[in-house]
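Visitor: I would like a close look at one part of this protein, the surroundings of the ligand. Could you walk me through that part and then show me how it fits into the rest of the chain?

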Amino acid sequence: RTDPLVLGIETSCDETGIGIVRGTTLLANVIASSMDEHARYGGVVPEVAARAHLEEMSPAITAALDEAGIRLDEIDAVAVTSGPGLAGALMVGVGAAKALAIALDKPIYAVNHLVGHVGADVLATGQDGASEPLQYPTIALLVSGGHTSLLLVRDLTGDVELLGETIDDAAGEAFDKVARVLGLPYPGGPHIDRLAAQGNPKAIRFPRGLTLPKDMAKHRYDFSFSGLKTAVARWVEKAQDAGEEVPVADVAASFREAVVDVLLGKAIAACADHGVPRLLLGGGVVANARVRELAAERCAAAGIELRIPPLSLCTDNGAMIAALGAQLIMAGNEPSSLDFGADSTLPV
Ligand code: KG4
Ligand code: ZN
């Protein structure tokens, strides 16, 4: 049988992502972001995101079909993110996907956004330096402005276990909040990253959330970044109150080190505990230079294969959703019945 031609729709946050794949081959990956509209609010505004998805949906689908060089009626199936994410934003994608499936009389696959991030790797084989498809089981560390999760993936199409996640802020959110404290524009992650390159990561010892023995007992694979954010804000305030000039590069570097140290520390521990010599990274924070550097360093030291798909497949996109849909079809999974909803807290 031929590889399925799948159109994927992703609208869990501020990116309207439409992807088209044929089996494991990427044909189109169109992303329309409403980030500009959220910037002045200093964070993603759910209703603004939902309205933007509604406006961008049809143009993005048309652009993706153009990019793939196919007609809409050629697709074999539709895949869509049904959660987790912003409820109103998800509903726009789910509604559009159902409309396509009904009009074309094609099967629909409702998929989990986090598992979609893992699915991105099948499209990256050959692009990320890895010539072989990702083997399972694998540990996946997914870090963005909306989520910070550690998954144990035994089988992409049927056996994914959530090991842990943030109990407060997502790591990207912490970057954005600390950037605000330092007077940097939103989203602040890239700005902190650039500033940090000129600072000393050992200048200030900021707290590493949920790493003390008493916390590790219950939260071995969970993350917490809100205490760190508060610690940075207090430190900066104190310096300002004392009339000192804030060493912003050192603060940025020390903060970045605290976040990245915890992210990789817990991910590597998950690999070791489960005897899994593979780590896949996903989410927008993967753009961070220190994340990439420390991941490479620690994985090499521990004999762990590190997979980092190209950034266009790490940030939220429709291609990863289409890729997961194609994997589900090729593994013989039944399509979803048309009565599924949008679930902002959908478990993996
Ligand atoms: O996956 P993504 O594009 O989408 C959402 O979460 O919606 O991730 C965006 C997040 C933002 O919080 C942004 O500040 C952060 O990823 N980010 C970074 C870097 N680039 C983006 N954080 C740290 N360092 C970076 N270089
Ligand atoms: Zn995501």
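Guide: Happy to; we will begin at the ligand and work outwards from there. Please keep in mind that this is a predicted model.

Start with ligand 1 itself. There are 21 residues around ligand 1, and those that come nearest are Ser144, Gly145, Gly172, Gly189 and Gly284. Two elements give two or more residues each to this shell, namely helix 6 (171-181) and helix 7 (189-196). Helix 6 gives the most, with 4 residues. If you sort the shell by class, you find 10 polar, 6 nonpolar and 5 charged residues.

While you are at these two helices, look at the loop between helix 6 and helix 7, where proline 187 lies. The peptide bond that joins tyrosine 186 and proline 187 is cis, and its omega is about -10°.

Now step back to the domains. The protein chain is assigned domain 1 (5-127 + 313-330) and domain 2 (138-308). Both take part around the ligand: the shell of ligand 1 draws at least three residues from each of them. The C-alpha centres of the two domains are 27 Å apart. Where domain 1 and domain 2 meet, 16 residues of domain 1 are in contact with 19 residues of domain 2. On the domain 1 side, helix 1 (35-39), helix 4 (113-119) and helix 13 (318-330) each supply at least two residues. The largest share of that side comes from helix 4, with 5 residues. By class, the side of domain 1 that touches domain 2 has 9 nonpolar, 6 polar and 1 charged residues.

Next, follow the sheet. An open sheet of 5 strands runs in the order 8-7-6-9-10, and its pairing is mixed. Strand 8 (159-165) and strand 10 (305-307) are the edge strands, each pairing on one side only. From one strand to the next, the twist averages 20°. As a general point, strands of a sheet pair through backbone hydrogen bonds, either parallel or antiparallel. In this sheet, strand 7 (residues 148-155) pairs with strand 8 in the antiparallel sense, over 6 bridges. To find your place in that pair, look for valine 153, which stands opposite valine 160 in strand 8.

Lying across this sheet is helix 10, which covers strand 6 (138-143), strand 7, strand 8 and strand 9 (278-282) and runs at about 160° to strand 6. Helix 10 (residues 248-274) has 27 residues and reaches 39 Å from its first C-alpha to its last, close to the 39 Å expected at 1.5 Å a residue. Just after helix 10 comes glycine 275, with a positive phi near 60°.

Two more backbone details are worth finding before you leave. Glycine 83 is linked to proline 84 by a cis peptide bond, with omega near -10°. Proline 84 is in the loop between strand 4 (77-83) and helix 3 (87-104). In the loop between helix 3 and strand 5 (108-112) you will find aspartate 105. Its phi is near 55°, a positive value in a residue other than glycine.

To come back to where you started: the shell around ligand 1 has residues from both domain 1 and domain 2, and helix 6 gives the most to that shell.

Definitions and conventions:
Residues are numbered from 1 along each chain as its sequence is written. Chains are lettered from A and ligands numbered from 1 in the order in which they are written. This is a predicted model: local features need pLDDT of at least 70, side-chain atom pairs count only at pLDDT 80 or more; totals for chains, interfaces and linings use all residues. A residue is near a molecule or strand if its C-beta atom, placed from the backbone, lies within 6 Å of it. Ala, Val, Leu, Ile, Met, Phe, Trp, Tyr, Cys and Pro count as nonpolar, Asp, Glu, Lys and Arg as charged, and the others, Gly among them, as polar. Domain bounds come from an automatic or database domain assignment. The expected span of a helix is 1.5 Å times one less than its number of residues. Two residues are in contact if their C-beta atoms, placed from the backbone, lie within 7 Å. Two strands pair if DSSP finds at least two bridges between them. Axes are lines fitted to C-alpha atoms, for helices over the stretch in contact, and angles run from 0 to 180 degrees between N-to-C directions.
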